[in-house]
Amino acid sequence: MSKIAVVYWSGTGNTEAMASAVAEGAKGKGAEVSLLTSSEFSADQIGSYDGIAFGCPSMGDEVLEEIEFEPMFAACENKLSGKRIALFGSYGWGDGEWMRNWESRCADDGANLVCDSVICNEFPDDDALSACRSLGAALV
C-alpha cells in the first residue's frame, strides 16, 4: 500500500478544502494518507512516504506563506530529489506566478512532479476539487 502525505497551510480554509480533496483522491486509489498541516510536518518525515502533496496559497507578492510553510518547505528541499510530489494551492490575485516559481524550485531540487499543479481562485469550485482528487490519485 502506498503511503501519501498531504501537507498544507491554509489561512482562510480554501487550501484546506483542496487538501481534503487531494487526500480523498489518494484514498480512492487505496493509499494510506496522512493529512498534515505544515506545522505538523518536517523534513525528517519525508522518507516515511512514497509521495507528498504540498499545498500552500499565494501570499503577498505571489510567494509561499512565510511564517510556517516556507521554512518547513525550505528544510525539506534537500530531501526531495527523486521523490514523487505534487503541488496545489489557492490565490486571490495575480496570475499563478507563485506556483510557477514553486514548480521551478522543485525541478531544481530534482523532485518528480507527478502531475500538473492545481491552482484555483479563492474557494475551490467543483472543477478545482475534482482536479485535486485527480492530483491525489496521481501520487499513488
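Begin by selecting residues 3-8 and residues 32-37 of this predicted model: these are strands β1 and β2, which pair in the parallel sense over 6 bridges. Within that pairing, pick out A5 in the viewer, and you will find S34 of β2 standing opposite A5. Now add residues 14-28, which form helix α1, to the selection, and the combination of β1, α1 and β2 can be followed as a right-handed β-α-β unit.

Next, colour the largest nonpolar core, a set of 25 residues in which F41, I52, F54, F69 and W102 have the most contacts inside the core. The elements that contribute two or more residues to this core are β1, β3 (51-55), α2 (69-76), β4 (84-91) and α3. A second core, separate from that one, has 21 residues, among them A21, A23, A31 and A53.

Returning to I52, select its surroundings while leaving out residues up to four places away in sequence, and the residues that I52 touches are A5, V7, F41, I46, R84, I85, A86 and L139; A5 is thus met again here, having already appeared opposite S34.

Finally, move to the loop between α3 (97-108) and β5 (112-113), where D109 lies. Is D109 buried or exposed, and which side chain of opposite charge is nearest? D109 is buried, yet has no salt bridge, and the nearest side chain of opposite charge, that of R105, is 5.5 Å away, whereas a salt bridge would require a side-chain nitrogen of Lys or Arg within 4 Å of a carboxyl oxygen. Setting aside neighbours within four places in sequence, select E77, L80 and S81 to display the residues with which D109 is in contact.

Notes:
Residues are numbered from 1 along each chain as its sequence is written. This is a predicted model: local features need pLDDT of at least 70, side-chain atom pairs count only at pLDDT 80 or more; totals for chains, interfaces and linings use all residues. Side-chain values use heavy atoms; hydrogens and water are left out. Two strands pair if DSSP finds at least two bridges between them. Helices (H or I, at least four residues) and strands (E, at least two) are DSSP runs, numbered from the N terminus. A crossover is right-handed if, with the strands pointing away from the viewer, the path from the first strand over the helix to the second runs clockwise. Buried means under 20% relative accessible area, exposed over 50%, partly exposed in between (1.4 Å probe, protein chains only). Lys and Arg count as positive and Asp and Glu as negative; His and the chain ends are not counted. Contact means heavy atoms within 4.5 Å. A nonpolar core is a set of buried Ala, Val, Leu, Ile, Met, Phe, Trp, Tyr and Cys residues joined through side-chain atoms within 4.5 Å.
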